[in-house]
Amino acid sequence: MIETAEHRETPPLARAGTLVELEGLTVDYGHGERVTRAVDGVNFVIRAGEVVGVAGESGCGKTTLANSIMQVLRPPAHVSGGRVLFRGENLLEKKPGELRKFRWRNVSMVFQSAMNALNPVMRVGDQFVDMMRAHERVSRSGALRRAEELLDLVGIDPRRVRAYPHELSGGMRQRVIIAMALALQPELVIMDEPTTALDVVVQREILQQVRALQRELDFAVLFITHDLSLLIEFAHRIAVMYAGEIVEEAPARQLHREPRHPYTVGLMQSFPPLTGPVVRMTGIPGSPPDLSSPPAGCRFHPRCPHCDPGDPQLYARQTTERPLLREVAADHRVACHLVEDRGR
Amino acid sequence: MSTQLEVRGLSKRFRVGNALFNRSEVHAVDDVTFTLRPGTVTALVGESGSGKSTVAKLLVRLYAPTAGHVLFDGKDVARDRRRRDIVRYRSQVQMIFQDPFGSLNPVKTVRHHLARPLLIHGVVARARVDARVEQLLETVGLTPGARYAGKYPHELSGGQRQRVAIARALAVDPAVVVADEPISMLDVSIRIGILNLMLQLKEEHDLAFLYVTHDLASARYVADDVLVMYAGQIVEHGPAAEVLSEPLHPYTRLLLASVPDPSLGERPDIEVRKGLASAAVDPPDACRFVGRCPLAIDICSRVTPELVEARPAQAARCHVTAPSPHVREERHV
Amino acid sequence: MAQIQVELPQPSPPVLSAPISSRRRFAPPRWLVLLVRNRKGQVGLGILCGMVLLAVLAPVISDPASATTFSFVTRQPPTWHHLFGTTDQGEDVWAGVVVGARRSLATGALAGLLATVLATTLGITAAYLGGIVDEIIGLFTNVAFVIPTIPLLIDVTAFLHQRGMLTMVLLLGFTLWAFEARILRGQALTLKNRDFIHAAKVSGESTWRIVFGELMPNMVSRIAAAFILTFYIAILVEAGLEFLGLGDSGKASWGVSLYWATVNSSVLQGEWWSFLFPGLAIGVTVFGLTLILAGIDEVANPRLQSRYGRRRLLAALFGSGRA
C-alpha cells in the first residue's frame, strides 16, 4: 500500500467509505423458548481508516458482534435478523466460498489469546505461509519473505520466523498474531481484547505499534475491550454496549468529557484515576443481566441510579419501553429515556 | 505488642530443568523485606512473573521459603513444623484468591465454606455456627445471609463469589489478609464495590492488608504503601502517594507511563526496549532492569543495587536515582 | 472375545459439579438426575435393572435346581416348557441364565467395587501427596498395568484349587484397578492445584479432610464411571475364564454355561440355544453398562452433547467392529 500525503492529512471521519454497516443486527443463541438474545437490533457503522472501540463487560454481546462481522458465529449462535453489510454487500447472503475469500483479505481478526490462534507444533513462518497460500497464489519463499517483512513491521526480529510459538513471550506472540492479521492488507482488523492478558507495559508497546501501523497502512480497527480508559486513549470513536444493545456512541474525547448514559457514567466511575485526588468511587451496583430473560423496558434500569418509582411517569417508561438511540450532539447518540432529542 | 507481620530477606528459589543435571534455579523471590501494619493496605505491584503471587503464597504458607524470616508478633514462624503452631498462624493470616470461581469448591454450599474455618479454629460453639455464617455473609453485603448460605458457587455471580471468599477469610478474625489480585477476574463495574468492601472491613477490623496486583490504578485507590516488584526483587517502596506521583525507580516510571489514563490527554509514546519483568534464572550480580533502563550507567551491569532510602520513607533499588553511599562516592571519583 | 484393553473413549478428566439440592440433604446428585434423563443412561440403566431383577427373582421365575441338575429332557430347543431349551445334560437353559445372572453380576459388581476402591484410594493419595508416595504407588500401578491380565489370571486360577466366588472377586479386583488408578490420579492432580484446595489448606483443613472432604466429592462422577467400567470388564473376564474352564464349573453362571456348551460340542450339533442365550445375557449386560458409561460421559462432558460429538462417539463405540 502506498502511503500518500493526502491520506495522512485527511482526518478519517471525513474520508469516504463506510466499510461495515450493521442494520438491525440480531443474534440469538439457541432456538425456541430457551433462546438467549446476545445482540438485539444493533445499528452500527465502521468507516474506512477509523479506530472504533466497543466497550462493555462480559455478556454484553461485543464478541458476538465481532464474530458476526467476520461471519464466524458458531452454532448455536445464529443471526436471526438484520443485515451485515460490507461495502454495501450483505455478508449474510454470501456463499461459504465467497466468505472464505472475504475473511482475512477484507477483514481479519486478532483474538485475545494468541496461543489459541497459533499452532504450537508449527514454526511461526510456516503458519504465515499456510495462511497466505490459502488466499493467494504465492511461492513458499515469497510468502516467507513477506512473513519476515511483517514481523519486522510489528517490531520482532525477522529471524524469529523460524521460531515455535512457545519460544516467544506472550507479548511477542500477540504481535505475531497482529502481523498475521495484517498479512493480506485487510481494510478492517477486528481486535477482540487483544492485550487483556498482557502486562501493562507490553500492552502499551503493542498498541503504540498498532496505532503507528494503522496510520501508515490506513486500515480500520474495531477494538473490543472492557477497558474503557484504554479506548479513550486509542480510539477515534467509541460505542458502549450493554446487554446486547449499544447504549451510547460518541467520539472518544467527547465520550470522556460528556458521558450521557448512566451506564457509561458508571463505567467511567469504575476506573480509579492515576492522578488527582483519591476519592471514593462507586462503580455500578448489581450485575449484568441474564440475557435469556433480560429486564423489561430499559435493560439497565435495575442498576440505574436515575430509575426511581418516585417519578411514576418516567418510571413507567423505563420499565416498559426500550429506549432508542437518539442523537444528543454531533455524532453523539444515547439510548436513554432521560435524554431529550436534539435536532434531527 | 502490635500484631504486625514482618518479612525479612524472604527468598524463594525453584529448581528448573532436569533436577539431576541442571542445578539452575529461578529466583522467584529475592531478598524481600517489608512490614504489614494493622489498619493499613500495602499494595504489592508487579507484572506477571515478577514474584508477587509467590510472595503472597509464601505469606500464607502455601510455599516454604528458601531463605529469610517471617515474623509474626516478633516470632519467626517460617520454620514452624508443629500442626498446632501452623493452625494458630492460619487463624491470623488469611488469603483471598484471584479466581472467584476456582477458589470455591463447586460441590459445596456457601455455608460449608464459611463453617469449616469456624469449626477448625473453634471460633464459635458448634451450635452457633449457622448463625455466625449468616452474620458473616451480611457483613460482606450478601443480605439476607440465610438465603445465600444454602447456595452453591455456580448459583452466584462473580462478585458474589468473591464476597463469599472475603467472608471466608474474615471468618477466623485474622490480623492479616493477603488479597492476590482479588478483582482482576471480575467485571469492571463491580470491582470498585469489592475494593470499597475491603477498605471498609479494614477499618472495622483493623486489618493489615497485602493487596497484590498488576493494576496501578486500583493500587493507588486502596493502598497506603506501595511495593513495586521486578524480577523477584522489590525495586521501590514507600507511601502510595509519593511512589505513584514521584517515582524513583525507572521501572516504576515506565509502569506509570504505560497505564491508560484518559485524563492525561495525549501522552508521549514509551520507549520500547526488550526485557521481561519475570524472575531470572541464576541472575548475575547486576541490576535486573539494566537491559531496559534509559538511565543505565556502567555500574548497573556489575553490581546489584541495594534498596536505598533516597527520600524520607521512600526507597528504591537503583544506582542512579537512589545510589548507596559508597556507590555515590565511586561515581564522584 | 473379551479384551482387557478396551478402547472406550475416555472422557478428558471432566470435573462435574455435583451439588446436592439445597432443600433436601439426601436428594440424588445432579449428575445422577441428568443421567437418568439422558437417553443412553436411561436405556443402560434399564437394561442393568432388568438383569438385576432377573437375577433377584431367579427362584421365583425359574426352578434354580434345574440349572445344574441332570434330567432326561436333553437337547430340547426352546419350548414353552423350557423357554431357552435344555442342554446336553438336560439342564434348563433359562434357569441357567437367570440363576447364572446372580453369580456373574455379583462377581462382576464386587470385583468392580474392589478395583474401584483400590483405584480411588491409591490414585488420589498418589496425586495429593506426591513425591515419594506417588513414585511408589506409581511403581505398583505400572507393574499391575503391564502384566497381561488374562494370562496372569489363567495361570493363577489354573494353579489354585479353590475357585469360589471370593477368589474370583479378589483376583479380578487386584488386577483391574491399575487402569482406573492412573486416570483417577490424573484427575486428582488437576483438582489438587485448584484454588479451592489451596483455600482449604489456608483455612487450616487437615490433609485427610481435604482429600476426602474437598477433593473426592468433585470426582464422584468419574469414580462412578470407573466402577461401571471395571464392573463390565470383570464380567467379561470372569466369563472368559470360566469359558476356558478355569471357573467353578459346578456352579451356574454365564461363562460356565458357555464352557459346557463348548465342551459338549453343542455348537457342532446345532444346539444354538445352549450358548446363544448365556452369550446374549453377557452381551446385553455389557452393552447396558457401556451405555451407562456413555451416558455418564455425555452428562459430564458437555461437548458430547452436540450432534457432531454424538456421531463420533457412536463411531468409536460401534464402528471398529468389536463383538
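**Figure 1. Surroundings of C:S265 in the predicted model.** At 28% relative accessibility, C:S265 counts as partly exposed, because the partly exposed class lies between the limits of under 20% for buried and over 50% for exposed. The model shown here and in the other views is predicted. C:S265 is placed in the loop that runs between α11 (254-263) and α12 (273-300) of chain C. Although C:S265 is not a glycine, its phi is positive, at about 55 degrees. Most residues other than glycine have a negative phi.

**Figure 2. Backbone at A:D218.** A second view of a positive phi is taken in chain A, where A:D218 has a value near 60 degrees. A:D218 is a residue other than glycine. The loop that holds A:D218 connects α8 and β8 (220-225) of chain A.

**Figure 3. Cis peptide bonds in chain A and chain B.** Most peptide bonds are trans. In chain A, the bond from A:P75 to A:P76 is cis, with omega near 10 degrees. A:P76 sits in the loop between α2 (62-70) and β4 (77-86) of chain A. In chain B, the cis bond is the one that joins B:T143 and B:P144, where omega is about -5 degrees. The loop between α4 (129-139) and α5 (145-149) of chain B contains B:P144.

**Figure 4. Nonpolar cores.** The largest nonpolar core has 99 residues. Those with the most contacts inside this core are A:F44, A:F128, A:L188, A:I190, A:L222 and A:I238. Helix α7 (residues 170-182) of chain A gives the most to the core, with eight residues. A second core, separate from the largest one, has 70 residues and includes B:V45, B:I190, B:L195 and B:F289. In soluble globular proteins, nonpolar side chains tend to be buried together.

**Figure 5. Contacts of A:L188.** A:L188 is among the residues with the most contacts inside the largest nonpolar core. Leaving aside neighbours within four places in sequence, A:L188 is in contact with A:L19, A:V20, A:I46 and A:I69, among others. The contacts of A:L188 also include A:N106, A:V107 and A:S108. A:A220, A:V221 and A:L222 are in contact with A:L188 as well.

**Figure 6. Interface of chain A and chain B.** The contact takes 41 residues from chain A and 37 residues from chain B. The area buried between the two chains is about 3400 Å², and carbon and sulfur atoms give 55% of this area. Between chain A and chain B there are 19 residue pairs in polar contact, with both residues at pLDDT 80 or more. On the side of chain A that touches chain B, the elements giving two or more residues are α8 (200-217), α9 (228-234) and α10 (252-257) of chain A. The largest share of that side, seven residues, comes from α8(A). By class, the side of chain A that touches chain B has 15 nonpolar, 16 polar and 10 charged residues.

**Figure 7. Salt bridge between chain A and chain B.** The count of salt bridges between these two chains is one. The side chains of A:R211 and B:D269 meet in a salt bridge, with an N to O distance of 3.5 Å.

**Figure 8. Interface of chain B and chain C.** Chain B puts 26 residues into the contact and chain C 23 residues. The two chains bury about 2100 Å² between them, 55% of it on carbon and sulfur atoms. There are 10 residue pairs in polar contact between chain B and chain C, both residues being at pLDDT 80 or more. The side of chain B that touches chain C receives at least two residues from each of α2 (83-90), β6 (93-96) and α3 (110-120) of chain B. The most comes from α3(B), with four residues. By class, this side of chain B has 11 nonpolar, nine polar and six charged residues.

**Figure 9. Surroundings of C:E205.** C:E205 is found in the loop between α8 (195-203) and α9 (207-215) of chain C. At 7% relative accessibility, C:E205 counts as buried, because the limit for that class is under 20%. One salt bridge is found across the interface of chain B and chain C. C:E205 forms a salt bridge with B:R116, with the closest N and O atoms 2.6 Å apart. Leaving aside neighbours within four places in sequence, C:E205 is in contact with B:R83, B:R116 and B:I120 from chain B, and with C:A200, C:I210 and C:E214 from chain C.

Definitions and conventions: Residues are numbered from 1 along each chain as its sequence is written. Chains are lettered from A and ligands numbered from 1 in the order in which they are written. Side-chain values use heavy atoms; hydrogens and water are left out. A nonpolar core is a set of buried Ala, Val, Leu, Ile, Met, Phe, Trp, Tyr and Cys residues joined through side-chain atoms within 4.5 Å. Buried means under 20% relative accessible area, exposed over 50%, partly exposed in between (1.4 Å probe, protein chains only). Contact means heavy atoms within 4.5 Å. Buried area is the accessible area (1.4 Å probe) that two parts lose on being put together, summed over both. A salt bridge is a side-chain nitrogen of Lys or Arg within 4 Å of a carboxyl oxygen of Asp or Glu. A polar contact is a pair of N or O atoms within 3.5 Å; within protein, one must be able to donate a hydrogen and the other to accept it, and residues adjacent in sequence count only if both atoms are side-chain atoms. Ala, Val, Leu, Ile, Met, Phe, Trp, Tyr, Cys and Pro count as nonpolar, Asp, Glu, Lys and Arg as charged, and the others, Gly among them, as polar.
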